[in-house]
Amino acid sequence: MPLKVETGAVAATIPIGGVAETGQADAGIGRVFVNLEDVNAIDVIDMTTYKVVAQYPVAPAAAPTGMALDAKTHRLFVTGGDAPTMAMLDTRTGKVVAQGATCSCNGNIIVSSNAPVPKPMKISSLKAPDMALIFIRHR
């Protein structure tokens, strides 16, 4: 639920389409992305109207738990809690533009921009409890 900065009061209650796990905000496009673990999707919330304006499926990721945003490239990375899989979505269209395997413990995800990774983009995972790392190189 969004809060008023000045007072800390609730600005709105937003009904969403499932059980929320976590969220990421992209102020550049005025959207908040909330992963819905029980429906394998992302609800897209307009930051001005406080309304859900779209729902993006995240297959092949299932039961999305981890989420990270690269606002510069409009990419949302979502890891599946039920399978060691990651989906990369375009935040403007909702399309899955890449997918890959991650470690089996992927409740957390970190995006590292401008990492020294050659094209095409490589998806890497860290075999550590509850962590997936994504390395991106911007061109």
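This passage looks at strand β7 and its hairpin partners, then at an open sheet and the residue D43 within it. The model is a predicted one.

Let's start with β7, which covers residues 85–90. Six of its six residues come out as buried, so the strand is largely enclosed by the rest of the structure. In a regular strand the side chains alternate between the two faces of the sheet. For β7, both of these faces are covered. On one side sit T85, A87 and L89, and on the other M86, M88 and D90, all of them buried.

β7 has antiparallel pairings with β6 and with β8. With β6 (residues 75–80), the antiparallel pairing runs over five bridges. One pair to look for in the structure is R75 and D90, as D90 of β7 is the bridge partner of R75. The link from β6 to β7 is a hairpin of four residues. With β8 (residues 96–101), β7 again pairs in the antiparallel sense, over five bridges. Here M88 has A98 of β8 as its bridge partner. The β7–β8 connection is a hairpin too, with five residues between the strands. Its turn includes G94, whose phi is positive at about 85°.

Now for the open sheet. Four strands make it up, in the order β1-β2-β3-β4, and the pairing is antiparallel. The edges are taken by β1 (20–26) and β4 (52–57). Each of these has a single partner strand, so one side of each is left without a neighbour in the sheet. On average, neighbouring strands in this sheet are turned by 20° against each other, direction ignored. For edge strand β4, the antiparallel pairing with β3 (residues 41–46) runs over five bridges. Within this stretch, I42 stands opposite Y56 of β4.

Strand β3 also holds D43, a residue worth a closer look. What does a buried D43 have around it, given that it has no salt bridge? The nearest side chain of opposite charge belongs to R31, and that is 12 Å away. For comparison, a salt bridge would need the side-chain nitrogen within 4 Å of a carboxyl oxygen. There is, however, a backbone group at hand: the nitrogen of G17 lies 2.7 Å from a polar atom of the D43 side chain. Leaving out residues up to four places away in sequence, D43 touches I16, G17, V32, F33, V34, L36, V52, A54 and Q55. G17 thus turns up both in this contact list and as the source of the backbone nitrogen.

How values were computed: Residues are numbered from 1 along each chain as its sequence is written. This is a predicted model: local features need pLDDT of at least 70, side-chain atom pairs count only at pLDDT 80 or more; totals for chains, interfaces and linings use all residues. Side-chain values use heavy atoms; hydrogens and water are left out. Buried means under 20% relative accessible area, exposed over 50%, partly exposed in between (1.4 Å probe, protein chains only). Helices (H or I, at least four residues) and strands (E, at least two) are DSSP runs, numbered from the N terminus. Two strands pair if DSSP finds at least two bridges between them. Axes are lines fitted to C-alpha atoms, for helices over the stretch in contact, and angles run from 0 to 180 degrees between N-to-C directions. Lys and Arg count as positive and Asp and Glu as negative; His and the chain ends are not counted. A polar contact is a pair of N or O atoms within 3.5 Å; within protein, one must be able to donate a hydrogen and the other to accept it, and residues adjacent in sequence count only if both atoms are side-chain atoms. Contact means heavy atoms within 4.5 Å.
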